[in-house]
Amino acid sequence: MHKTIKTILTYPVWTLQLFTGVKSFRDNPLIGSRRLNETGLHVLRQSVAHRAASWRRRRLKRAIPPHLVTEFDRDGFVVIRDFLPAATFSRLLDDVRQYRGEARETIQGDTVTRRIALEPRVLARMPGVRTLLDVPLLGRLIRLAGSRDCEPLYYIQTILPHAVTGVPDPQLQLHADTFHPTVKAWFTLTETAENSGPFVYVPGSHRLNPARQAWEKRMSLEAAGSADRLSGRGSFRVDEEALAAMGYPAPRAVAVPANTLIVADTGGFHARGVSEQPGIRVEIWAYERGNPFFAPLVDPWRIHAVGRRRAPALWAFHDWLEEGGVGVHVWRKRGDVGAFDLDVGGHASVHVPPGLSGRFGQVTSRMLRRFVRR
Ligand SMILES: [Fe+2]
């Protein structure tokens, strides 16, 4: 009886989530409902989100060189080598090599990811990095790919493959991050060769077609009970046979030197390429994911000084939730660390129970329900 009342009370939240970017088939019984998805709920959300993104992008492409817009529209990503003048890049690299401060680390499989949030206080100590973030083309491309006009979250990101014991990194498998257009960007500070974890993307897979929509529908029917945890959470994994059936070309590995910018719509299929050896990849990394259906009329994140305080605020919010007993914040604090440091906190400091690492700092509706019950 008690459970029934709780379920009834939670239905309005689950219903409202249909109009947001919430994507987990496991945590929301409406999103995960086989019956609703048979009638087309998932493909409808996806199709409306894509239309809304194209409408927003019409305005966001205006100040971008046409050849880059063409490249993005065709492939779903753009690559710009030698993005900064050599002397500017060299100053930026010196800044990052010398900086030591608070960072966060998490583990996925056998790979450690470290992030340093590029908030104003940190940028004041790295003027070369601030120069990069203030390059108008960088912000414009990220806004175009993410179809949202606001300051993205910027970090220095370090990827350390095979740094701890564990199963293979789940990011190695081709997947779409979510059901709608969304952005990630990488400005490389180290070279990424074919065999050292390059960015891999299926060109054109950011666009829907009837075969893709049929595949999405089939996936949505089984996702809630899928043995693949990340597909169940709405980040569908895909194999090359299915890609070919959808009419997409083979995945392309983008091996690039340092000082290269890659901006991608990670609603298209992509992966982190295999890294044969332990190593280190360092980049300035950007991320943004807003409501896929509605753009706010007034968006405080458009103001640089406000938007650049969002990353540490989000970490603090998740720390606070964890202190309240509602889940594990998988981004664990590490003090006094540099982006190029090879040593990692490891399992002992990260304390991420098996099966939770895929949450990657997300607050799920289950966590919120537990919070409300307390
Ligand atoms: Fe991804």
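Reader: What percentage of the 374 residues in the protein chain is buried?

Author: This is a predicted model, where local features need pLDDT of at least 70, side-chain atom pairs count only at pLDDT 80 or more, and totals for chains, interfaces and linings use all residues. Residues are numbered from 1 along each chain as its sequence is written. A residue is buried if 20 or more other C-beta atoms, placed from the backbone, lie within 10 Å of its own, exposed if 12 or fewer, and partly exposed in between. Among the 374 residues of the protein chain, the buried share is 40%.

Reader: What radius of gyration does the protein chain have?

Author: The C-alpha atoms fill a box of roughly 65 × 45 × 45 Å along the principal axes. For a compact globule of 374 residues, a radius of gyration near 21 Å would be expected, the rule being 2.2 Å times the number of residues to the power 0.38, taken over C-alpha atoms. The protein chain agrees with this, at 20 Å.

Reader: How many helices and strands are there in the protein chain?

Author: Both are DSSP runs numbered from the N terminus, with helices (H or I) of at least four residues and strands (E) of at least two. The protein chain has 15 helices and eleven strands.

Reader: Which strand gives the largest share of the largest nonpolar core?

Author: A nonpolar core is a set of buried Ala, Val, Leu, Ile, Met, Phe, Trp, Tyr and Cys residues joined through C-beta atoms within 7 Å. The largest one has 65 residues, of which Tyr-155, Ala-185, Ile-262 and Val-263 touch the most other members. Six residues, the largest share of this core, come from strand 4.

Reader: Which residues does Tyr-155 touch, not counting those up to four places away in sequence?

Author: Contact here requires C-beta atoms, placed from the backbone, within 7 Å. With residues up to four places away left out, Tyr-155 touches Arg-115, Ile-116, Ala-117, Leu-118, Trp-285 and Ala-311.

Reader: How many residues of helix 8 are buried?

Author: Helix 8 spans residues 136-146 and is largely enclosed by the rest of the structure. Its buried residues include Leu-138, Leu-141 and Arg-143. Of the eleven residues in helix 8, the number buried is eight.

Reader: Which strands stand at the edges of the open sheet 7-6-9?

Author: The three strands of this sheet pair antiparallel, where pairing needs at least two DSSP bridges between two strands. Three bridges join strand 6 (residues 199-201) to strand 9, and Tyr-201 stands opposite His-270 in strand 9. The edge strands each have a single partner, so one side of each is left without a neighbour in the sheet; they are strand 7 (252-254) and strand 9 (270-272).

Reader: Is Asp-82 buried or exposed?

Author: Asp-82 lies in the loop between strand 1 (77-80) and helix 5 (86-98), and its phi is near 50°, a positive value in a residue other than glycine. Most residues other than glycine have a negative phi. Because Asp-82 has 12 C-beta neighbours inside 10 Å, this residue counts as exposed.

Reader: What is the phi of His-162?

Author: His-162 is found in the loop between strand 4 (153-160) and strand 5 (183-188). With 17 other C-beta atoms within 10 Å, His-162 is partly exposed. Although His-162 is not a glycine, its phi is positive, about 55°.

Methods
Two residues are in contact if their C-beta atoms, placed from the backbone, lie within 7 Å.
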